[in-house]
Amino acid sequence: MSKSLIIGQGITGSVLAWSLHWEDKTVHVLDRGRNITASRIAAGLVTPFTGRRQSKAGDFDESLTVAKEFYRRVETETGASLFNEEPAERYFQDDIERDFFLKERYETHRSEIELINGANGGVKGFRMLRAARLRVSTFLEVTRSFFAEKGCFHQFDLDPTTDLEVSESSVRVPKLAFVGQEIYFCQGYQPEENPWFPEIPDAPARGEILRLEIPDRTVKQVVHQGFWLAPGTEEREDGLPQEYLLGATYDRENLDQKETQNGRDELLRGLYEITTENSRVIAQYSAIRAGMRNRQPIAARHATYPHVGILNGMGSKASLMAPITARRFVKLMALKPETKGQENRATGAKGLSLTKLAHSIVRRAVRMGDTVMDATAGNGHDTVFLAACTGPSGHVHAIDIQPEAIQSTRTRLETESITHVTLHQDDHSQVLKSLLASSEVAGAIMFNLGYLPGGNKQRTTSTATTTEAIAAGVSLLRAGGVMTVIAYRGHAGGQEEARAVADWSENNKAPSWTTEVIPGAADNDESPVLYVYRKKQQSQPLS
Ligand SMILES: Cc1cc2nc3c(=O)[nH]c(=O)nc-3n(C[C@H](O)[C@H](O)[C@H](O)COP(=O)(O)OP(=O)(O)OC[C@H]3O[C@@H](n4cnc5c(N)ncnc54)[C@H](O)[C@@H]3O)c2cc1C
């Protein structure tokens, strides 16, 4: 029986854990155990018609059917009550909304809607008969208990860069003594990128909610009018809700997860539109939704290590979308790794490049104020990227032997008004050696080997100077610093150069740094290869 590890036990990780468990896999789940996460503050609402235009997603009905089936099965396994189909009310914010709805939506969706009339006899809103609600905290608790009872839940904060050992057929987390065959990242939004899947989620948004007491309120259903007001799960002796949840704000700019006065004011203004009953704020919460630009969850396997997967990007719809996406994902992961060029994702955007991966790795390592080096300036893209990582208090040395490359980089820097860069038109091994001789220390160094994009393909980096430059580069790195080298194998001389880098890496292992080799595609020996050299935090002498 194969053994899987899930990183993150929010709604997504929990849904995936059950889905894999039902496929007869031994599933281990780990979570760092924070009290406030998107899942922990979510109201669990499943809402068919959303937004000003009251649109209904094309796959809503199928997703709801799968979600119902899924949560019913967990209810059977655990005895908990989790998923309720509860009609919700939607009130129009103005006449434009009402007229649009009656003209564009009503006829098509008549069977799943009831109109609500106002005191003056006009239509003031509609009842969504197919709305539903997940009791999120109960779902998270019963899931955790279920896997904990099997000894398969671990409270652990995993660093995907240093705590994981992934080979072609296994996954190990030595600190947990875990050895398995598959690993799945279900981390929601994290301020620090996961180097296995950089830039996911690509459209996070902060959401704030309020917990309220509204003593005189007798309404028990969820009401939407711009914001939503939903009863809490606990009831008073008279059968009315003890408290209500009011949500949710939407902020793509500020992703620091702090509660804000603006958020509170915005929500209370929204509450006033829904009800003028007396209320008291009990608490305010803020968390980041993990959304994707294309509004589709992402379910993907790693391009090189197909037993490493990601399920994420549920946006505001985890309760509805996690079950159907997990079902598709489990099917995808059961397939043999696909042949080259084929889409490797159940949903979502195209594959990730080694360049993006290198950027993600470097971004995590560089500190503001660092000195860094672009050892192959080329057209200046990495120079600009590095300059952004260090900020103006840091410094970038950009090196290229070709005058066209230096000119192109200079132009790009001028366009971007970046001044904290020194350009060196010289052989990179010489420049790096002389920086080393002058006791310079680097937070990061980047190499993109091969020829100048758009330039003469005969003029490439040379094998001898490349390995000398790499040797100097490793010595320049500070503790915690990182050097990335992308070797392209598809052009004349590319294979030799990549082999020379591989040989150098193999023959120059040292206790003070680690080397990772990440091929662009496991089954294509012409695909690029990324070498990542990391200087360990507690640096030791190189020899
Ligand atoms: C205010 C607000 C209201 C919402 N309301 C609703 C709603 O009504 N209905 C709905 O369907 N959706 C709602 N959402 C959206 C929903 O909350 C998210 O889509 C969902 O919670 C995402 O779940 P997740 O498991 O992907 O991520 P998360 O909830 O972020 O869970 C990820 C988990 O992984 C853990 N983790 C991450 N990295 C590591 C690591 N390296 N090591 C260990 N653990 C790790 C985290 O601690 C966390 O527990 C709302 C969101 C917000 C912010």
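Start with the ligand and show the residues around it: this is a predicted model, and 35 residues make up that surrounding set. Thr12, Asp31, Ser39, Leu158 and Gly315 come nearest.

Now zoom in on the ligand's oxygen atoms. Pick Asp31, where a polar side-chain atom lies 2.6 Å from a ligand oxygen. Next click Ser39: an N or O atom in its side chain is 2.5 Å from an oxygen of the ligand. Then try Leu45, which uses a polar backbone atom instead, 2.9 Å from a ligand oxygen. Switch on a surface here, and you'll find that the protein covers 97% of the 1,000 Å² of accessible area the ligand has on its own.

Colour the shell by residue class next: 16 are nonpolar, 14 polar and five charged. Then go by secondary structure. Helices H1 (11–21), H2 (38–41) and H7 (318–334) each supply at least two shell residues, as do strands S2 (26–31), S16 (205–213) and S20 (280–289). H2 has the largest share, with three residues.

Pull back and colour by domain. Domain 1 (3–46 + 53–80 + 134–201 + 293–347) and domain 2 (205–289) both give residues to the shell, so the ligand lies between them.

Last stop: return to Leu45 and follow its backbone into the sheet. In S10, the bridge partner of Leu45 is Arg133. Two bridges join S3 to S10 (residues 132–134), and the two strands run antiparallel. Select the whole open sheet and you get three strands in the order S3-S10-S6, paired antiparallel. S3 (45–46) and S6 (83–85) are the edge strands with a single partner each, so one side of each has no neighbour in the sheet.

Definitions and conventions. Residues are numbered from 1 along each chain as its sequence is written. This is a predicted model: local features need pLDDT of at least 70, side-chain atom pairs count only at pLDDT 80 or more; totals for chains, interfaces and linings use all residues. Side-chain values use heavy atoms; hydrogens and water are left out. A residue is near a molecule or strand if one of its heavy atoms lies within 4 Å of it. A polar contact is a pair of N or O atoms within 3.5 Å; within protein, one must be able to donate a hydrogen and the other to accept it, and residues adjacent in sequence count only if both atoms are side-chain atoms. Accessible areas come from the Shrake-Rupley method with a 1.4 Å probe; for residues, only the protein chains shown count as cover. Helices (H or I, at least four residues) and strands (E, at least two) are DSSP runs, numbered from the N terminus. Ala, Val, Leu, Ile, Met, Phe, Trp, Tyr, Cys and Pro count as nonpolar, Asp, Glu, Lys and Arg as charged, and the others, Gly among them, as polar. Domain bounds come from an automatic or database domain assignment. Two strands pair if DSSP finds at least two bridges between them.
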